[in-house]
Amino acid sequence: MTRYVLGRLGGVVLILLAVCLFTYLIFFKLSPDPAVMICGKTCTPERIDSIRTVLGLNQPLLTQFWEFLSGIFAGRDYGSVHCSAPCLGYSFQTNESVWSMITARLPVSITVAVGAAVLWLLVGVIGGLVSAVKQGTWWDRSAMGLALGGVSVPNYVLALVLQYVLVVKLQVLPFPSAVSFVDNPAVWFESYLMPWVVLAVGYACLYARLTRSNVIDTLAENYYRTARAKGLSGALIMRRHALRPALTPITTIFGMDFAGLLGGALITETVFGLNGIGKMAADSIAKNDQPVIMAVTLLAAFFVVIGNVVVDLLYTALDPRVRVVSA
Amino acid sequence: MSDELFVVDNLTVTLPTSRGPVDVVKNVSFTVGRDETVGIVGESGSGKSMTALAVLGLLPRGARTSGSVRLDGAELLGRSDRDLRSVRGNAISMVFQDPLSSLNPYYTVGLQIAEMYRTHRGGSRSAARKVAIEALERVHIPDAARRVDHYPHQFSGGMRQRVMIAMALCCSPSLLIADEPTTALDVTVQAQILELLAELQSTTGTGMMFITHDLAVISSIAQRVLVMQSGDPVEYGTAEQVFSDPRHEYTRMLLDAVSRIDDEVLS
């Protein structure tokens, strides 16, 4: 088991290195010259040269890449300015340290992701379960019809409609603002409620359909019939012989979806003006702020890759058939 | 014959289909005595398994039944699901055809035996675990104290069926329904399982309803035989009479199908 974990972590390092290299190549080598961009309108060739020297852009490509990598772990110097580890450089737009930008915005993205995940798991799994048990009934058909509709509505449409109805027309919710939980829990909750709902709707619909079909498949399993033939109580049959087998595959999908969201909910954060990683990504791409784009890409890759490993390890705990093969 | 433990009287099972209700079991009657094995034979679709599922109230949704099914004189047909729970696994238990898919892959075999024992008999987890180990020992699973914590996929096909049998017998039922218990197994393992069932029956006195399409299997284990064809009972009698002097054309055909293979081997 330890060997398996170490092997997987080794793989993680390799994947992240590859992502680093590709992102680096795409954004630093194929985009416009950063030195020209930083220099601005009143630019002289001498200034460009000095910026190149400070950023290390006159070095060979591999040396630059190595500088970037080692900066993350050991920090680096830009001329007379020291950027302490973990150093992801400075924003071309605001000269802010990219690392401090991330640490300031990550809590917002995490709050959005966690709240939405709780919501979609509750609604999706319970809705799907009830649909499966009441298969073919009026409830099942309307819930699944609704779910199909919900999956099809784009986030930004739903966000704008909700904002218009709840904030502008009915005025039951304030426009989302960056209030910390500690300062004012009620306003904090109201601010995040719409982003949570908007983000959760699509996933909830997807998870409801998934849960329903998984549970229906499980109810047709021979071991479910065995459990009934054993005379077990309804609750025990449901919990052990229907839910556990039906929900185990959903953990895989959930892990991936959740990890993806930690890297920022681009559309939702942008529409609601939440200062999270997603909005930071959108802004940096719009302004070609390469160090920030690089950092946001790496962060998203980091979460997805780590999420993947966590799901795999969790799966070995959840499904005994996987456990024995990997041990 | 010993006294009647289990009586099926004029059982009819009707399933709803898109073309209206269809009788999949028609007026089936037979009895099983204590210590006795009754074989139910027929090709697939003849209604054998539906008969078994009807006994335990495990028919698909929308199925209707009529007639009478009595265990020790108590009527089982028409009782509520909740009511039947105390019968299932307790007074009547069942062994299914495919032991791999019939056991839940997510739990150890020990837990799957213990959960049934605790449901019907109560008691602590550790006591139920002991019962599970004893049950596995009774069906000759080597190293039962260790194997009790293994998962179904860690057993071979024959061993898995032994686990199913151990589970079915752990509450000492008075009737065991074995639905094609040897069909998914290879021939040598088949013989071992049949031997085991016969041995357990002689020590526990459990009545057995043995469902199969395999006449060779039936001839080695059953005292009485019911032959079914598309839901109809076509012949019912002692094994000796059915095999040596079949009255019905269909039975003769089934027997011919078996002996023809033997003829070819002999010639």
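Two residues count as in contact here if their C-beta atoms, placed from the backbone, lie within 7 Å. By that rule, and setting aside neighbours within four places in sequence, Ile113(B) touches Ala132(B), Ala135(B), Ala166(B), Met167(B) and Cys170(B). The model is predicted, so to speak of local features takes pLDDT of at least 70 and side-chain atom pairs count only at pLDDT 80 or more, while totals for chains, interfaces and linings use all residues. Residues are numbered from 1 along each chain as its sequence is written, with chains lettered from A and ligands numbered from 1 in the order in which they are written.

Ile113(B) also turns up in the largest nonpolar core (buried Ala, Val, Leu, Ile, Met, Phe, Trp, Tyr and Cys joined through C-beta atoms within 7 Å; buried means 20 or more other C-beta atoms within 10 Å of a residue's own). This core has 133 residues, and Ile113(B), Ala166(B), Cys170(B) and Met209(B) have the most contacts inside it. Its largest share, 15 residues, comes from helix α8 (185–219) of chain A; helices are DSSP runs of H or I, at least four residues, numbered from the N terminus.

Chain A splits into domain 1 (12–83) and domain 2 (100–326), with bounds from an automatic or database domain assignment. Their contact takes 13 residues from domain 1 of chain A and eleven from domain 2 of chain A. On the domain 1 side, α1 (2–29) and α2 (34–39) of chain A each give two or more residues, and α1(A) gives the most, nine.

Note on methods:
A residue is buried if 20 or more other C-beta atoms lie within 10 Å of its own, exposed if 12 or fewer, and partly exposed in between; C-beta atoms are placed from the backbone.
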